[in-house]
Amino acid sequence: MHHATLASVRLITDDVDRLTAFYERVTGTAAQRPSPDFAELRTDRGTLAIGSTRTVQLFGPGSAAPAANRTAIVEFLVDDVDALFAGLGDTVETVTPPTTMPWGNRSLLVRDPDGTLVNLFTPVSPEARERSGTERSGME
């Protein structure tokens, strides 16, 4: 049986600085910038990578295009989605304000500067807290 570990999700953009600043603001995490064309936001549970369209040539010309995604949702577990929403104000495009979902998460849906859907969520039901591991980590 083959075993794979998710290393990161990478977003391709024409403006690495703008997209990195957005994700730094919503996550409270400082990005590592090994080059002007690449950034990584490392969290306890995963890494979001941001690459310039100039890096696409390394993977294969035309293999990725910025601001073309309408199938994926980038999700971040946050301490308090309502407080985050209040702090962001109208600095981001809100798709859905904080709403409690049927599976027990309180979710805020926004779009990043390139239009990618971003779900910022806090587990609020006991079942959702258990699934997310927030009861064990003390995150609430």
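Hi everyone, thanks for coming. Let's start with the inside of this protein: buried residues make up 39% of the 140 residues in the chain. Please keep in mind that we are looking at a predicted model.

How does the overall size fit? A compact globule of 140 residues would have a radius of gyration near 14 Å, and the chain comes in at 16 Å, which agrees. If you turn the model around, the C-alpha trace spans about 45 × 45 × 25 Å along its principal axes. The surface that the chain exposes is about 8,300 Å², and 52% of that is supplied by carbon and sulfur atoms.

Now for the architecture. There are 5 helices and 8 strands in the chain. Walking along the sequence, you would read the pattern as β-α-β-β-β-α-β-α-β-β-β-α-α. As for how the chain folds back on itself, take the contacts with a separation of 6 or more: 49% of them are between residues 24 or more positions apart.

Next, have a look at the sheet. In general, strands of a sheet pair through backbone hydrogen bonds, either parallel or antiparallel. Here we have an open sheet of 4 strands, in the order β5-β8-β7-β6, and the pairing is mixed. β5 and β6 (93-100) are at the edges with a single partner strand each, so one side of each has no neighbour in the sheet. From one strand to the next, the twist averages 15°.

Let's zoom in on β7 and β8. These two run antiparallel and are joined by 7 bridges. One bridge to find on your screen pairs Val110 with Val118 in β8. Then there is a helix to add: α3 lies across β6, β7 and β8, and runs at about 25° to β7.

That brings us to the core. As a rule, nonpolar side chains in soluble globular proteins tend to be buried together. In this model the largest nonpolar core has 22 residues, and Tyr23, Phe76 and Leu120 are those with the most contacts inside it. At least two residues of this core come from each of α1 (16-27), β3 (38-42), β4 (47-52), β5 (73-77), α3 (81-88), β7 (105-111) and β8 (117-123). Which element gives the largest share of this core? That would be α1, with 5 residues.

Finally, let's visit Phe76. What does Phe76 touch, leaving aside its neighbours within four places in sequence? Its contacts are Tyr23, Thr27, Leu48, Val118, Asn119, Leu120 and Phe121. So much for the tour, and I'm happy to take questions!

Notes:
Residues are numbered from 1 along each chain as its sequence is written. This is a predicted model: local features need pLDDT of at least 70, side-chain atom pairs count only at pLDDT 80 or more; totals for chains, interfaces and linings use all residues. Side-chain values use heavy atoms; hydrogens and water are left out. A nonpolar core is a set of buried Ala, Val, Leu, Ile, Met, Phe, Trp, Tyr and Cys residues joined through side-chain atoms within 4.5 Å. Buried means under 20% relative accessible area, exposed over 50%, partly exposed in between (1.4 Å probe, protein chains only). Contact means heavy atoms within 4.5 Å. Two strands pair if DSSP finds at least two bridges between them. Axes are lines fitted to C-alpha atoms, for helices over the stretch in contact, and angles run from 0 to 180 degrees between N-to-C directions. The radius of gyration is taken over C-alpha atoms; the globule rule is 2.2 Å times the number of residues to the power 0.38. Accessible areas come from the Shrake-Rupley method with a 1.4 Å probe; for residues, only the protein chains shown count as cover.
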